[in-house]
Amino acid sequence: LKGTGSLSENAGRELKEGEEPVVGSAGGDVSLKDAPTLAFPSISTADFQFDLEKASDIIVDKVAKFVNKLGNARLVLVDLSHKSKILSLVRTKASEKNIDSNKFFTFVGDITRLHSEGGLHCNVIANAANWRLKPGGGGVNAAIFSAGGQALEVATKEQAKSLLPGNAVVVPLPSTSPLFCREGVTHVIHVVGPNMNPQRPNCLNNDYIKGCKVLQEAYTSLFEGFASIVR
Ligand code: AR6
């Protein structure tokens with residue numbers, strides 16, 4: 001397997017296969033490989049068609065609020081392509097706000113293969129889910145349910161049957177799940193964001209007053225869910 005992920009902003013170079021990001025600190029080089037890490041996709045900005053400028057403002061805002069309350073834990077926004085517009089908007093806005101790039105950075109790769117292919121260890125990953133918490137449907141939801149296997153489906157059903165937009169549910173992953181054994185993922189957090197796609201349920205018909213509120217709630221629930229695991 002060839003490493004495909006790369007740390008943007010943080011290290012400024014491609015990581016070698018199996019390599020963890022190492023950063024300089026006041027005390028010298030410190031490996032962050034054991035720091036609890038949440039990898040999350042940009043909620044609602046693909047299939048759910050939420051505006052990218054507005055979403056990037058909300059992501060950076062919420063990250064700024066939470067990142068220093070999480071001890072040594074890290075937050076990582078992930079997308080599939082180096083051309084990702086949401087990653088580049090968020091990177092720019094995060095650096096304008098002087099957010100610590102060791103604690104928050106962007107990463108290009110498949111969220112289900114961050115360790116095996118990207119060399120980045122994330123113990124928790126977030127899913128942009130649908131309200132029924134059903135597998136399939138495309139996007140990151142299909143990828144995570146497929147990679148998580150039957151074990152993820154069963155574990156999800158034990159936690160919740162459905163989820164309203166703006167909410168998140170933490171699912172501990174059984175060690176039988178391929179995401180656990182291959183990637184070292186111990187928890188999946190399903191998040192349902194606001195939907196602006198008329199072809200999907202609960203469409204907000206471009207009501208961005210409501211939409212922004214729901215997306216803010218979604219990230220708050222996600223980061224609080226992660227904090228509850230880290231503590
Ligand atoms: N790894 C990392 N990022 C990904 C991956 C992946 N494997 N796949 C997609 N992304 P989306 P939404 C990025 O559409 O807009 C589903 O059908 C993608 O580029 O997955 O919240 C559900 O069932 C984008 O930046 O989620 C819901 O019905 C981000 O993940 C609905 O879509 C989110 O894109 C949710 O739509």
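Helix α3 contributes the most to the shell around the ligand in this predicted model, supplying four residues. Two elements, β5 (74-79) and α3 (139-159), each give two or more residues to that shell. In total, 24 residues surround the ligand, and those that come nearest are S44, D79, N130, G137 and V140. Classified by side-chain character, the shell comprises 11 nonpolar residues, 10 polar residues and three charged residues.

Backbone atoms of the protein lie at short computed distances from polar atoms of the ligand at several positions. A backbone N or O atom of D47 is found 2.9 Å from a ligand oxygen atom, and a backbone N or O atom of F48 lies 3.0 Å from an oxygen atom of the ligand. On the nitrogen side, a polar backbone atom of I111 is 2.9 Å from a nitrogen atom of the ligand. The ligand taken alone exposes 710 Å², of which the protein buries 91%. The space that the ligand takes is the largest pocket.

Helix α5 was examined for its length and its N-terminal end. This helix covers residues 208-230, a run of 23 residues, and at 1.5 Å a residue it should therefore span 33 Å. The C-alpha atoms at its ends are 32 Å apart, in agreement with that expectation. The N-terminal end of α5 is capped by D207, a side-chain oxygen of which lies 3.1 Å from the backbone nitrogen of I209.

Conventions: Residues are numbered from 1 along each chain as its sequence is written. This is a predicted model: local features need pLDDT of at least 70, side-chain atom pairs count only at pLDDT 80 or more; totals for chains, interfaces and linings use all residues. Side-chain values use heavy atoms; hydrogens and water are left out. A residue is near a molecule or strand if one of its heavy atoms lies within 4 Å of it. A polar contact is a pair of N or O atoms within 3.5 Å; within protein, one must be able to donate a hydrogen and the other to accept it, and residues adjacent in sequence count only if both atoms are side-chain atoms. Accessible areas come from the Shrake-Rupley method with a 1.4 Å probe; for residues, only the protein chains shown count as cover. On a 1 Å grid over the protein atoms alone, a cavity is a set of points where a 1.4 Å probe fits but cannot get out, and a pocket is an open set with protein on both sides within 12 Å along at least five of seven lines; lining residues have an atom within 4 Å of a point. A molecule sits in a cavity or pocket if more than half of its atoms lie within 2 Å of its grid points. Ala, Val, Leu, Ile, Met, Phe, Trp, Tyr, Cys and Pro count as nonpolar, Asp, Glu, Lys and Arg as charged, and the others, Gly among them, as polar. The expected span of a helix is 1.5 Å times one less than its number of residues.
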